[in-house]
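Trainee: I have this one open on my screen and would like to talk it through with you. Could we start with the charged pairs and see where that leads?

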Amino acid sequence: MSGPPTENLTCTCVVAGGGPAGVMAGFLLARAGIDVVVLEKHGDFFRDFRGDTIHPSTLDVMGELGLLDEFIKIPHQEILYGEGEIGDTHFRIADLTHLPTRCKFIAFMPQWDFLDFVAAQGKKLPTFRLMMGTEATGLLREGEHIVGVTAQTPSGPIDIRADLTIGADGRHSRLREAAGLKVDDLGAPMDVLWFRLDRHTHEEHAVLGRIVAGQLLVMLDRNDYWQCALVIRKGTAETVKREGLDAFRARIARLAKRATADEIKSLDDVKLLTVAIDRLPNWCLPGLLFIGDAAHAMSPIGGVGINLAVQDAVAASNILAESLRRKSVTLADLRRVQKRRMFPTWATQALQITVQNRAIDPILASTTPPKVPAVLRLMQRWPFLQRLPARVLGMGFRPEHVRTHAKT
């Protein structure tokens with residue numbers, strides 16, 4: 001990663017990071033006629049145990065782009081309800097079937113399928129370029145202005161100069177570090193262990209959370225298997241692993257209400273997600289904007305990470321496309337994006353923090369059988385109350401709509 005650049009590129013916008021925020025931002029800007037280069041450090045999009053939930057507001061975006069009919073042909077599961085069990089009591093907490101959206105469900109789809117689809121749409125455009133196996137490693141500066149990135153490609157280093165750099169390189173963003181921007185860590189008392197369980201034919205299609213004394217297991221329906229998340233106290237993953245495979249299998253079998261969990265062949269099949277909730281107080285510098293996890297890491301609570309990332313990308317495209325066409329993007333334009341997206345970011349994180357501090361943390365600390373909260377009992381008695389959490393879950397606090405037009 002040293003030595004002079006082997007090549008120099010110039011574009012209107014360079015996007016660092018090929019996750020949902022980066023690929024969607026690149027596609028939307030290219031669709032609006034902007035010359036875009038998107039950088040993805042890996043050679044493909046395949047990562048297991050990434051967020052796989054496509055929310056109704058994101059499906060609305062696909063509809064506004066004229067892509068929904070083709071998109072939903074990709075194999076997926078449609079989840080209409082969010083349900084759970086506390087002890088032996090089954091309850092429903094969210095009913096998405098009444099949402100004012102095109103699709104009244106959450107689609108469970110591997111993230112790599114989502115990214116492959118959006119990238120394929122981008123490749124149809126003459127102004128979209130996706131460089132796989134290429135990682136943004138630093139920033140190019142002229143005085144206080146960011147004028148592009150340095151990057152490492154399979155064939156060597158490269159400089160990419162651009163009117164705008166979008167940092168969408170995740171919660172461990174190298175560009176954010178290079179920019180020297182402060183990150184506010186909001187705290188998270190738990191981590192998550194991800195793994196799979198076989199799905200039995202008699203089990204219902206739903207999102208299930210199972211709570212017993214000191215234990216919380218989330219089971220996400222993936223049709224022929226459950227993608228499972230065992231929520232543990234932060235920093236205790238090594239303790240769980242030291243207890244051994246047999247103890248882990250027994251624990252999961254008990255929580256999942258099945259005789260065994262022998263399909264977990266090794267603790268190497270169990271992946272740790274270190275939960276973080278943080279955000280940048282300042283998302284931008286002259287010539288540089290951060291979106292998605294690079295601007296705000298979300299908890300897995302609600303599975304809203306992809307949705308927030310896509311909404312950021314839509315807002316950025318709506319606000320910046322015309323200025324990029326004129327090559328006149330200002331710091332004030334970039335701050336408009338942050339102002340537009342700061343409230344939904346703050347509100348979502350505030351809700352996640354409330355849930356983790358008032359519900360999840362006490363559950364993990366408890367040694368007694370949990371009681372069903374009164375609000376959940378009311379939701380079962382008056383099902384229309386289930387529509388409120390469904391709206392927050394399915395649409396977010398400020399759903400974005402595509403305002404740009406395709407340039408042919």
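**Charged pairs, a cavity and a histidine**

Mentor: Let us begin with E400 and R340, whose side chains form a salt bridge with an N to O distance of 2.9 Å. E400 sits in the segment after α11 (387-395) while R340 belongs to helix α9, so this pair ties together parts that are 60 residues apart in sequence. Please keep in mind that this is a predicted model, and that the values we discuss are computed from it.

Trainee: Is E400 buried or exposed?

Mentor: E400 is buried, since its relative accessible area is 4%, whereas its partner R340, at 33%, counts as partly exposed.

Trainee: And how many salt bridges are there in the whole structure?

Mentor: The search of the whole structure finds 20 salt bridges. One of them joins the side chains of D60 and R102, at 3.5 Å from N to O. Here D60 is in helix α2 (residues 56-64) and R102 is in the loop between β6 (89-95) and β7 (106-108), so the bridge connects parts lying 42 residues apart in sequence.

Trainee: What about burial for D60 and R102?

Mentor: D60 has a relative accessibility of 8% and therefore counts as buried, while R102 has 48% and counts as partly exposed, because the exposed class begins over 50%.

Trainee: Which parts of the chain does the pair R171 and D293 link?

Mentor: The side chains of R171 and D293 meet in a salt bridge at 3.9 Å, N to O. R171 lies in the loop between β11 (156-167) and α5 (174-179), and D293 lies in the loop between β20 (288-290) and β21 (296-297), which makes this a link between distant parts of the chain, 122 residues apart. D293 counts as partly exposed, at 27% relative accessibility.

Trainee: Which residues are linked in a network of salt bridges?

Mentor: E85, D88, R210 and K257 are linked in such a network. K257 deserves a second look for its backbone, as its phi is near 60°, a positive value in a residue other than glycine. K257 is placed in the loop between α7 (245-256) and β17 (271-273), and with a relative accessible area of 47% it is partly exposed.

Trainee: What is the phi of K327, then?

Mentor: K327 has a positive phi of about 55°, although it is not a glycine. You will find K327 in the loop between α8 and α9, where it counts as exposed at 55% relative accessibility.

Trainee: Changing topic, how many cavities of 30 Å³ or more are there?

Mentor: The count comes to one cavity of 30 Å³ or more, and the largest cavity holds about 60 Å³ of space. Its lining includes N307, L308, R341, M395 and F397. Both α8 (305-325) and α9 (331-365) supply at least two residues of that lining, and the lining as a whole divides into five nonpolar, four polar and two charged residues.

Trainee: Last one: where does H76 lie, and what does its side chain reach?

Mentor: H76 lies in the loop between α3 (68-71) and β4 (77-79), and its side chain reaches the backbone oxygen of I74 at 2.7 Å. A polar atom of the H76 side chain also lies 3.4 Å from the backbone oxygen of I72. H76 is buried, with a relative accessible area of 18%, and leaving aside residues up to four places away in sequence, H76 touches F105, A107, F108 and M109.

Notes:
Residues are numbered from 1 along each chain as its sequence is written. This is a predicted model: local features need pLDDT of at least 70, side-chain atom pairs count only at pLDDT 80 or more; totals for chains, interfaces and linings use all residues. Side-chain values use heavy atoms; hydrogens and water are left out. On a 1 Å grid over the protein atoms alone, a cavity is a set of points where a 1.4 Å probe fits but cannot get out, and a pocket is an open set with protein on both sides within 12 Å along at least five of seven lines; lining residues have an atom within 4 Å of a point. Grid points are joined across faces, edges and corners, and a volume is the space filled by probe spheres set on the points. Helices (H or I, at least four residues) and strands (E, at least two) are DSSP runs, numbered from the N terminus. Ala, Val, Leu, Ile, Met, Phe, Trp, Tyr, Cys and Pro count as nonpolar, Asp, Glu, Lys and Arg as charged, and the others, Gly among them, as polar. Buried means under 20% relative accessible area, exposed over 50%, partly exposed in between (1.4 Å probe, protein chains only). A polar contact is a pair of N or O atoms within 3.5 Å; within protein, one must be able to donate a hydrogen and the other to accept it, and residues adjacent in sequence count only if both atoms are side-chain atoms. Contact means heavy atoms within 4.5 Å. A salt bridge is a side-chain nitrogen of Lys or Arg within 4 Å of a carboxyl oxygen of Asp or Glu.
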